[in-house]
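The report below goes through the sheet, the helix that packs on it, two helix pairs and the meeting of the chains. Please keep the sequence and the structure in view while reading.

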Amino acid sequence: MSLEDLYREIILDHYRNPRNRGDLPSPPALRVEGFNPLCGDEVVLYVDMAGADDNLADDGGADRVADIKISGQGCSISQSSASMMSAAVKGRTAAEARDLIRAFKAMMSIHEHRLDGEGREVVEAVAPNPDIKLGDLEALRGVVKFPVRIKCATLSWNTLVQALDEARSTQPPSVATEAEGA
Amino acid sequence: MAHGLTASVKDDFPLLAQGPGRRKLVYLDSAASSQKPQAVLDAMANYYETSHANVHRGVYRLAEEATAAFEGGRAKVARFIGAPSSTEVVFTKNATEAINLVAHSYGRHCLPAGKAILLTEMEHHANLVPWLMLREETGVELRYLPVAADGTLILDDLDRLLDGVGLVSVTAMSNVLGTLNPIRLLADAAHAVGAIILVDGSQYVPHLPTDVGQLGCDLLAFTGHKMCGPTGIGVLWGKEELLDSMPAFLGGGEMINDVRLDGWTPNVLPWKFEAGTPPIAEAVGLGAAVDYLTGLGMDAVRRHEVELTTYALARLGERHGDDLRIFGPADPEGRGGVLSFAYNDIHPHDLSQVLDETGVCIRAGHHCAKPLMRRMGVNATARASFYVYNDESDVDALSEALLSASKFFS
């Protein structure tokens with residue numbers, strides 16, 4: 001394995017010129033922080049789920065990543081991975097974003113723990129939807145050969161999972177807002 | 001260049017040996033853990049091959065030999081730090097456990113009600129989290145000596161900060177900045193207000209001649225694996241009277257005098273604080289490490305590191321200029337051989353990864369000192385740290401590797 005396997009040109013490009021860098025007013029956007037306690041890297045995601053105010057949940061509108069911005073700081077792997085992720089999920093539905101997250105984690109050789117039918121713990125590789133195309137994100141495949149850096153690459157993705165979970169738990173937002181105001 | 005140590009020191013460390021088929025290694029992470037000399041590996045292997053049994057249990061000869069080897073390690077450690085007696089040397093798992101022992105025992109049971117604890121902003125998490133946990137439990141007030149931009153402690157407000165303090169806990173040498181703190185001054189000031197002082201000697205004891213009497217502290221915590229010894233063993237030294245007054249920490253075998261179904265009484269020092277089968281081979285190994293360092297001479301070790309740090313500061317400064325920002329005191333006499341730095345805008349993780357290609361091992365991250373990182377306004381730094389086996393060629397290799405990293409990311 002060589003350094004070029006890790007630091008592919010497209011990765012360095014996203015590191016030097018990160019996409020969707022910045023922030024969004026929160027609220028209405030969700031603001032979620034992720035930390036890598038090993039190295040001190042941090043990522044802050046601002047995710048604006050579309051249709052939240054328009055009550056378009058019926059046609060999936062409330063469940064779409066209308067806009068996403070990223071701030072925080074970290075190494076080239078965590079920053080480029082976040083940048084590529086933002087480009088890949090912007091405009092996608094939450095379900096599509098979750099499929100992409102699974103496909104990315106599968107590429108990162110992430111294993112997950114679950115209980116089988118008889119309550120025994122099973123550890124198995126994340127199973128991706130085979131129809132998902134990772135595109136530019138394939139450039140991060142080399143990270144798998146550097147196990148310490150996998151956490152760098154997955155930091156923003158885990159933070160996005162958190163954001164999607166939060167978005168789901170706070171819907172429908174209009175009701176929640178009224179309850180808070182009462 | 002005159003050295004405190006001879007160039008052959010490197011040959012004592014099998015992991016650092018060069019040879020056919022072996023990757024060249026420039027090991028610059030001894031502040032995290034040091035490599036081990038052959039003498040330590042041999043002592044531990046010999047113990048397991050000839051003398052192993054449980055200690056303080058059997059009456060058969062083998063058990064006596066094991067006990068003698070274990071307690072022999074303790075006696076060597078006591079001499080190494082100038083302790084008046086082996087009974088003041090408590091073996092723990094590491095320095096972290098030693099500090100937790102004090103937080104649990106002294107912090108919960110001996111610290112006078114209403115008294116505060118004084119720490120510093122440059123402490124390792126090991127000397128922060130046990131006290132934060134204590135605060136959650138008892139509500140004790142924690143105060144912090146601030147750190148100046150040059151990496152030294154700001155002592156202007158010391159008297160005010162000490163007012164109402166019952167315990168001071170401070171590192172003798174920062175694992176990030178290399179700063180050597182004025183322990184004697186802090187100890188005298190603490191004692192003047194009736195407080196006791198615990199010193200985290202993890203970075204100090206392996207690198208400077210240590211005499212607990214001269215330091216003036218009441219308690220000293222350090223770890224074996226940073227001073228040529230094995231992992232799994234640390235030390236809490238304490239003044240006998242103080243340790244006697246502190247209740248036991250972990251309960252179990254060895255630490256008792258008598259056990260009935262309705263109660264127990266504690267063993268005497270130092271075993272009162274050593275519940276369960278102790279790290280026996282590790283104590284033998286630590287004893288051998290102490291013998292090894294004593295053979296080199298701790299004055300020579302310190303001189304070597306001052307000279308190497310002087311060389312590194314000058315060499316890296318002239319070669320890299322403004323591209324390189326080194327944190328901590330500029331005077332090599334006021335610091336240890338720990339250089340934290342920022343290089344261009346390259347993230348320390350990326351820097352460490354690229355340097356590894358040429359066999360240069362440096363640490364990258366927050367070094368378990370996140371509050372200090374925030375104080376310095378950085379998320380992470382790269383860190384090169386020296387020990388007895390490092391020399392100018394290692395500094396030169398680091399310097400060259402930085403240039404290649406710069407090309408890679410430019």
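## The open sheet of chain B

In this predicted model, β11(B) and β12(B), the latter covering residues 338–343, pair in the antiparallel sense over 3 bridges, and I326(B) has F341(B) of β12(B) as its bridge partner. These two strands belong to an open sheet of 4 strands, which run in the order β11-β12-β15-β14 of chain B with antiparallel pairing. At the edges lie β11 (324–326) and β14 (363–365) of chain B, each of which pairs on one side only. Neighbouring strands of this sheet are turned against each other by 30° on average, when direction is ignored.

The remaining pairings involve β15(B). With β12(B), the pairing is antiparallel over 4 bridges, and V338(B) stands opposite S385(B) in β15(B). With β14(B), the antiparallel pairing of β15(B) extends over 3 bridges, and here R363(B) stands opposite R383(B).

## Burial of β15 and helix α11

Is β15(B) covered on one face or on both faces? Both faces are covered, with T381(B), R383(B) and S385(B) buried on one side and A382(B) and A384(B) buried on the other. In keeping with this, β15(B) is mostly covered, 5 of its 5 residues being buried.

Helix α11(B) packs on the sheet, where it touches β12, β14 and β15 (381–385) of chain B, and its direction makes about 160° with that of β14(B). This helix, residues 348–356 of chain B, is largely enclosed by the rest of the structure, because 8 of its 9 residues are buried. The buried residues of α11(B) are P348(B), H349(B), D350(B), L351(B), S352(B), Q353(B), V354(B) and L355(B).

## Helices α2 and α9

Elsewhere in chain B, the axes of helix α2 (residues 61–80) and helix α9 (residues 280–296) come within 8 Å and cross at roughly 40°. That angle makes α2(B) oblique to α9(B), and α2(B) passes α9(B) in a left-handed crossing.

On the side of α2(B), the residues that meet α9(B) include A66(B), A69(B), F70(B), G72(B) and G73(B), together with R74(B), K76(B), V77(B) and F80(B). Their counterparts in α9(B) are I280(B), A283(B), V284(B), L286(B), G287(B), V290(B), D291(B) and T294(B). By class, the contact of α2(B) with α9(B) has 10 nonpolar, 4 polar and 3 charged residues.

## Helices α10 and α13

Helix α10 (residues 298–320) and helix α13 (residues 392–409) of chain B pack at an angle of about 25°, with their axes 10 Å apart. The two helices α10(B) and α13(B) are therefore roughly parallel to each other, and α10(B) passes α13(B) in a right-handed crossing.

From α10(B), the residues making the contact are L308(B), Y311(B), A312(B), R315(B), L316(B), R319(B) and H320(B), while α13(B) contributes E392(B), V395(B), S399(B) and L402(B). Sorted by class, the residues of this contact of α10(B) with α13(B) divide into 6 nonpolar, 2 polar and 3 charged.

## Where the chains meet

How many residues of chain A are in contact with chain B? There are 11 residues of chain A in contact with 12 residues of chain B. On the side of chain A that touches chain B, the residues divide into 5 nonpolar, 4 polar and 2 charged.

Notes: Residues are numbered from 1 along each chain as its sequence is written. Chains are lettered from A and ligands numbered from 1 in the order in which they are written. This is a predicted model: local features need pLDDT of at least 70, side-chain atom pairs count only at pLDDT 80 or more; totals for chains, interfaces and linings use all residues. A residue is buried if 20 or more other C-beta atoms lie within 10 Å of its own, exposed if 12 or fewer, and partly exposed in between; C-beta atoms are placed from the backbone. Two strands pair if DSSP finds at least two bridges between them. Axes are lines fitted to C-alpha atoms, for helices over the stretch in contact, and angles run from 0 to 180 degrees between N-to-C directions. Two residues are in contact if their C-beta atoms, placed from the backbone, lie within 7 Å. Angles under 35 degrees count as roughly parallel, over 145 as roughly antiparallel, 65 to 115 as roughly perpendicular and the rest as oblique. A crossing is left-handed if the near helix is turned anticlockwise from the far one by less than a right angle, and right-handed if clockwise. Ala, Val, Leu, Ile, Met, Phe, Trp, Tyr, Cys and Pro count as nonpolar, Asp, Glu, Lys and Arg as charged, and the others, Gly among them, as polar.
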